[in-house]
Amino acid sequence: MDNRFQREGSSSNTRAGREFEELAQRYFLVREGMSLQRGVSVSIGVTRQKNHKFDLGCHDRRILVECKSYKWTRGGNSPIAKIQSLNEAMLHFSVAPSHYQKILFLELDVHPKRGLSLGDHYVKNQGHLIGAGVEVWEYDRTAADVRKLWPPQ
């Protein structure tokens with residue numbers, strides 16, 4: 001079986017994503033003092049409404065979080081399909097209720113030669129798609145801390 005798209009060190013990409021969501025949920029509880037639930041559904045849309053489940057959120061605190069544990073490709077190229085998925089998350093945020101705080105929570109992955117994080121790469125090249133009120137946070141597993149990439153400080 002060809003598994004070149006499989007995350008190294010994980011039994012499945014789905015499992016890697018689920019584990020990152022759990023890690024993000026713990027981070028928000030311990031470091032930010034927010035108890036977020038998984039799979040929080042809100043009504044989104046422009047002319048018609050449809051329920052959409054965000055990875056984490058809380059209706060009382062009015063927060064929605066999308067978690068993405070993406071890596072550069074093995075060859076060091078930009079992961080185009082993953083970037084498109086981040087853009088899709090931006091679309092969902094843009095049509096979500098405006099009174100919610102919206103956070104794209106990325107896992108830190110640094111390019112082996114350029115020293116550029118995938119989060120910085122996304123903000124630099126796709127920042128024009130980041131809507132008002134959306135924040136981009138990058139989580140460093142080693143430091144167990146985040147760096148806020150967007151909005152610019």
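Strands β3 and β4 run parallel and are joined by 6 bridges. They belong to a predicted model, in which an open sheet of 6 strands has the order β1-β2-β3-β4-β5-β6 and mixed pairing. Helix α1, at residues 13–32, lies across β1, β2, β3, β4, β5 and β6. The points below take up the sheet, the helices and the nonpolar cores in turn.

**The sheet**

- β1 (37–44) and β6 (145–150) stand at the edges of the sheet and have a single partner strand each, so one side of each lacks a neighbour there.
- On average, neighbouring strands of this sheet are turned by 40° against each other, with direction ignored.
- Between β3 and β4, Cys67 stands opposite Phe105, a residue of β4.
- β4 (residues 101–107) also runs parallel to β5 (residues 134–140), and 6 bridges join these two strands.
- Leu104 has Val136 in β5 as its bridge partner.
- Most of β4 is covered, as 6 of its 7 residues are buried.
- In a regular strand, side chains point alternately to the two faces of the sheet.

**Helix α1**

- The 20 residues of α1 reach 27 Å from the first C-alpha to the last, which is close to the 28 Å expected at 1.5 Å a residue.
- The buried residues of α1 are Ala16, Phe20, Glu21, Leu23, Ala24, Tyr27 and Phe28.
- Seen down the axis of α1, these buried residues fall within an arc of 165°, and therefore line one face of the helix.
- The cover over the buried residues of α1 includes β1, β2, β3, β4, β5 and β6.
- Thr14, Arg26 and Val30 are exposed on the other side of α1.
- The direction of α1 is at about 120° to β4.
- Gly33, just after α1, takes a positive phi of about 70°.

**Helices α2 and α3**

- Helix α2 spans residues 80–94 and contains His92.
- His92 has a relative accessible area of 18%; buried means under 20%, so His92 counts as buried.
- Apart from neighbours within four places in sequence, His92 is in contact with Ile44, His52 and Phe54.
- Helix α3, at residues 118–126, lies across β4, β5 and β6.
- The direction of α3 is at about 10° to β6.

**The nonpolar cores**

- The largest nonpolar core has 24 residues, and Leu64, Met90, Leu104 and Val136 touch the most other members.
- The elements giving two or more residues to this core are β1, α2, β4, α3 and β5.
- With 5 residues, α2 gives the most to this core.
- Leu64 is in contact with a set of residues that includes Val40, Val42, Phe54, Leu56 and Gly57, when those up to four places away in sequence are not counted.
- On the same count, Leu64 also touches Phe93, Ala96, Tyr100, Gln101, Lys102 and Ile103.
- A second core of 17 residues is separate, and among its members are Phe28, Leu56, Val65 and Phe105.
- Two of the residues named for the second core appear above: Phe28 is one of the buried residues of α1, and Phe105 is the residue of β4 opposite Cys67.
- Leu104 and Val136, which are bridge partners, are both among the residues of the largest core that touch the most other members.

Note on methods. Residues are numbered from 1 along each chain as its sequence is written. This is a predicted model: local features need pLDDT of at least 70, side-chain atom pairs count only at pLDDT 80 or more; totals for chains, interfaces and linings use all residues. Side-chain values use heavy atoms; hydrogens and water are left out. Two strands pair if DSSP finds at least two bridges between them. Helices (H or I, at least four residues) and strands (E, at least two) are DSSP runs, numbered from the N terminus. Axes are lines fitted to C-alpha atoms, for helices over the stretch in contact, and angles run from 0 to 180 degrees between N-to-C directions. Contact means heavy atoms within 4.5 Å. Buried means under 20% relative accessible area, exposed over 50%, partly exposed in between (1.4 Å probe, protein chains only). A nonpolar core is a set of buried Ala, Val, Leu, Ile, Met, Phe, Trp, Tyr and Cys residues joined through side-chain atoms within 4.5 Å. The expected span of a helix is 1.5 Å times one less than its number of residues. The arc is that of the directions from the helix axis to the C-beta atoms.
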